[in-house]
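Colleague: Could you take me through one part of this model closely, the place where the two domains meet? I'd like one connected account rather than a list.

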Amino acid sequence: MMAEPYRIKVIEPLQVLSRQEREKKIRQAHYNVFNVRSQDIYIDLLSDSGTGAMSQDQWAGIMLGDEAYANCRNFQNLEKAVNKIFGFKYFMPTHQGRAAENVLFSSIIKPGMVVPNNMHFDTTRANIIANGGIAMNFPCKEASRPFKNLPFKGNMGTKALRAFMSKNHEKVPLVMMTVTNNGGGGQPVSIKNIREAGRIAHEFGKPFFIDACRYAENSYFIKQREPGYKNKSPAEIAKEMFSYADGCTFSAKKDAIVNIGGILAMNSRSLFEKCRDRLILMEGFSTYGGLAGRDLEAMARGLFEGLDEAYLESRTGQTAYLASGLKEAGIPVVWPPGGHAVYIEAKSLFPQIPQGEFPAQALVIELYREAGIRSVEIGSIMFAEPDEHGKIHYPKLELTRLAIPRRVYTNSHMDVVIEAHKKILERKEKIRGYKIVKGEGPMRHFIAWLAPVK
Ligand code: F0G
């Protein structure tokens, strides 16, 4: 296994609170870890978004920020990077991924329209709903088999997509594909599946967009797992992936290893003009999109670093290290591990907790109690939805996600996480569920207050 292809120059001290203090903090946070203060956390695996450590080259770039209002040098540098890596004709920076989503969807969705995706992540789904649309998922069959060892469980169910498109294409403004599939265990999507989904969209005359947050990690998995790609670089694979699409939304907070930033890119001139007008209204002029010049520079440089093969090897190696350690300890880990996070299937871990009492959230809370670890629920708090008759539909997978920030933690931290799980396993039968006492809607996972079920 590749050790980190860098060494540590700057450190940020951490403190560990006592168990008693942690008990108090989680209660005061109403059992929602979004409310816990950062300084009260030991190992923060809430998100891999905007939490990465920038390189010396990125920090040096920050000092070269050109803060002119229009067409600054850093925009030009970013343009060169985006043209080289993504290869779409037009692009605009945005302050993060969801801003790109909102600019795109508010330009293209009319009320009642349906956007298919292999799996929408939370903000994507919410931005579609907020613009009057319906977000539909078409995961492949293997996506709901968390422990089956298959290479591309992030794939789109293309048969179901084709069947849906042949009946409903008039209602579809665009088809999307999320790489890697964050809602579904961080699993990658194969080039073959991307090509096929693009072909289906085009057959019905619809644009095909990639939600490209973790495109570099996805490219690395293609290199490792898809026949014919072993000798290609992640950059070459990414270029091919994007060649099947008409555009992308991108949160640079992931694979461009910056703390803030995003991109919206496309080939259509008329769509670009529409989006640009929305961008100027919502984000800022089209050469800065809600960011400072220095942020654009860090993004331009980070884009290349995120594609570096040695980095991707150590990155995915660390995720696999954590996943293997947990699996050996007897934790039901989604397998194979994804790129940016390890996912635990909490229904199998806590069979005594019904899905309506949020087993994945129960693990999130236990991890904080046990060792000051912050993880996130990707289960029924995030995705359960009532239908028009008020019946609640639960997601197939009830996941707790341990998202690993890029270049931040060492494998010793991962060992602490593994040990904490072993301790929780010892008392797993005693763990109970939670109920929501305040906060509803598609963003309730961020804001809800919870209480233990008696
Ligand atoms: N799409 C996917 C697949 C994502 O994972 C995210 C963010 C976004 C879009 C939105 O990007 O945060 O820059 O606005 N996911 C983060 C996470 C928040 O923790 O998984 P953003």
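Here is a walk through the domain interface, with a few side stops.

Modeller: Sure, and a word on ground rules before we start. This is a predicted model, so I count local features only at pLDDT of at least 70 and side-chain atom pairs only at pLDDT 80 or more, while totals for chains, interfaces and linings use all residues. Residues are numbered from 1 along each chain as its sequence is written, and side-chain values use heavy atoms, with hydrogens and water left out.

The chain splits into domain 1 (19-48 + 313-452) and domain 2 (56-305), with bounds taken from an automatic or database domain assignment. Their C-alpha centres lie 26 Å apart. Taking contact as heavy atoms within 4.5 Å, 30 residues from domain 1 meet 31 residues from domain 2. About 2500 Å² is buried between the two domains, and carbon and sulfur atoms give 57% of that; buried area here is the accessible area (1.4 Å probe) that the two parts lose on being put together, summed over both. On the domain 1 side, Pro336, Arg406 and Arg407 lose the most area to domain 2, together 22% of what that side buries.

Pro336 deserves a second look. Pro336 sits in the loop between α12 and β9, and a cis peptide bond joins it to Trp335, with omega about -5°. Most peptide bonds are trans. Helices (H or I, at least four residues) and strands (E, at least two) are DSSP runs, by the way, numbered from the N terminus.

Arg407 has a partner, too: its side chain meets that of Glu305 in a salt bridge, 2.9 Å from N to O. The rule asks for a side-chain nitrogen of Lys or Arg within 4 Å of a carboxyl oxygen of Asp or Glu. By that rule there are six salt bridges across the interface. Side chains of opposite charge can pair when their charged atoms come close. The interface also holds 18 residue pairs in polar contact, both residues at pLDDT 80 or more. A polar contact means a pair of N or O atoms within 3.5 Å; within protein, one must be able to donate a hydrogen and the other to accept it, and residues adjacent in sequence count only if both atoms are side-chain atoms.

As for which elements build the domain 1 side, α12 (309-329), β9 (341-345), α15 (380-383), β14 (399-403) and α17 (444-447) each supply at least two residues. The largest share, three residues, comes from α12. By type, the residues of that side divide into 15 nonpolar, six polar and nine charged, where Ala, Val, Leu, Ile, Met, Phe, Trp, Tyr, Cys and Pro count as nonpolar, Asp, Glu, Lys and Arg as charged, and the others, Gly among them, as polar.

Staying with α12 for a moment, Glu309 forms a salt bridge with Lys223, the closest N and O atoms being 3.4 Å apart. That pair links distant parts of the chain, Glu309 in α12 and Lys223 in helix α8 (residues 215-225), 86 residues apart.

One last stop is the ligand. It has 18 residues around it, and Arg98, Asp211, Ser251, Lys254 and Arg401 come nearest; a residue counts as near if one of its heavy atoms lies within 4 Å. A polar side-chain atom of Gln96 lies 2.8 Å from a ligand oxygen, and a polar backbone atom of Gly97 is also 2.8 Å from an oxygen atom of the ligand.
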